[in-house]
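Good morning. I will take one structure and go through it step by step, starting with the overall picture and then moving to single residues.

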Amino acid sequence: MLTLLSGLIAGCASQPPTFGDRVLADGQNRVEIARQWEQGSEAAKRGEDQIKQGRRQVDKGRADLREGQKLIATGNAAVKESRQAYRSLAQAGEAAVSARDAGQRNKRLERIATRWREGEDRIRQGRERVERANERIEKGQDQLRRGQQLIDHGRDQMQAAETRYQRKTQS
């Protein structure tokens with residue numbers, strides 16, 4: 001009895017798949033191929049979105065960099081002018097003889113000191129802006145690299161799916 005049962009089981013297992021089995025297997029395989037292609041397409045779209053974001057980041061970073069450099073340049077110019085004005089005033093100050101002249105000299109010194117401080121503040125702000133700009137540019141470039149990797153991966157997936165499909169339809 002056991003031999004008969006194992007013979008029946010072996011006989012069922014060795015039968016070729018029916019037409020329905022083949023169609024069902026082919027359908028499942030095509031669904032897998034389609035799913036693979038869609039995943040690749042989605043990855044490529046996400047990559048394109050990342051590249052757009054990365055470009056915006058880089059562009060904003062470059063604009064900030066230019067602004068920071070302008071702040072530094074105007075700050076340096078203000079400090080340089082203030083130094084020159086201070087030197088001129090210091091040389092002329094020795095000739096001041098009256099209290100009124102000394103008071104006017106002090107007011108001019110205060111204006112020079114204020115412009116000097118403002119120049120130093122612009123330099124500091126410019127440096128901070130340049131630093132933030134460089135960070136933004138670096139982040140944007142990283143997004144560009146990751147986006148391109150996603151696009152490449154997605155295209156590879158899509159190509160692999162198309163190749164699988166062509167092999168299936170040719171067999």
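What follows covers the fold, the confidence, the salt bridges and a few chosen residues.

Please keep in mind that this is a predicted model. So let us begin with the fold. The protein chain contains three helices and zero strands. If you read along the sequence, the pattern is α-α-α.

Next, how much can we trust the coordinates? Over the protein chain the pLDDT averages 88, and 88% of the residues score at least 70. Where in the protein chain is confidence lowest, and where is it highest? The lowest value belongs to helix 1, residues 2-13, with a mean of 47. The highest belongs to helix 3, at 93. Over residues 1-9 the pLDDT stays under 50. For that stretch the model also has zero contacts beyond four places in sequence. I will say nothing further about that part.

Now the chain as a whole. It has 171 residues, and 22% of them count as buried. The protein chain exposes about 12800 Å², and carbon and sulfur atoms supply 50% of that area. Then there is the matter of which residues meet. Take the contacts in the protein chain with a separation of 6 or more: 93% of them are between residues 24 or more positions apart.

On to charged pairs. Side chains of opposite charge can pair when their charged atoms come close. How many salt bridges does a search of the whole structure find? The search finds eight. I will show three of them.

The first one on my list is R136 with D64. Their closest N and O atoms are 3.1 Å apart. This pair links distant parts of the chain, with R136 in helix 3, residues 99-170, and D64 in helix 2, residues 19-93. Along the sequence the two are 72 residues apart. Is R136 buried or exposed? Neither label fits, because its relative accessibility is 29%, and that counts as partly exposed.

The next pair is R124 with D121. Their side chains meet in a salt bridge at 4.0 Å, N to O. Why are these two separated by about one helical turn? Because they are three residues apart in helix 3. R124 is partly exposed, with a relative accessible area of 40%. D121 is partly exposed too, with a relative accessible area of 37%.

The last pair I will show is R145 with D142. Here the salt bridge is 3.8 Å, N to O. R145 and D142 are three residues apart in helix 3, so about one helical turn separates them. R145 has 49% relative accessibility and counts as partly exposed. With an upper limit of 50% for partly exposed, that explains the label for R145 at 49%. D142, at 32%, also counts as partly exposed. There is a network to mention as well: salt bridges that share partners join D121, R124 and E128.

Let us stay with R124 for a moment. This residue lies in helix 3. Its C-alpha atom and that of I72 are separated by 7.5 Å, although the two residues are 52 apart along the chain.

A similar remark can be made about R62, which has its place in helix 2. R62 is partly exposed, with a relative accessible area of 42%. The C-alpha atoms of R62 and R136 are separated by 8.6 Å, and along the chain these residues are 74 apart. R136 is the residue we already saw in a salt bridge with D64.

Finally, two buried residues. Q143 is in helix 3. Why does Q143 count as buried? Its relative accessible area is 13%, and buried means under 20%. Which residues is Q143 in contact with, leaving aside its neighbours within four places in sequence? They are Q50, Q53, G54 and Q57.

The other one is N29, found in helix 2. N29 is buried, with a relative accessible area of 13%. Not counting residues up to four places away in sequence, N29 touches R164 and K168.

To sum up: the predicted model has three helices and zero strands. A search finds eight salt bridges in it, and one of them, R136 with D64, links helix 3 to helix 2. Confidence is lowest in helix 1. That is all from me.

Terms used. Residues are numbered from 1 along each chain as its sequence is written. This is a predicted model: local features need pLDDT of at least 70, side-chain atom pairs count only at pLDDT 80 or more; totals for chains, interfaces and linings use all residues. Side-chain values use heavy atoms; hydrogens and water are left out. Helices (H or I, at least four residues) and strands (E, at least two) are DSSP runs, numbered from the N terminus. Buried means under 20% relative accessible area, exposed over 50%, partly exposed in between (1.4 Å probe, protein chains only). Contact means heavy atoms within 4.5 Å. Accessible areas come from the Shrake-Rupley method with a 1.4 Å probe; for residues, only the protein chains shown count as cover. pLDDT is the predictor's confidence in each residue, from 0 to 100.
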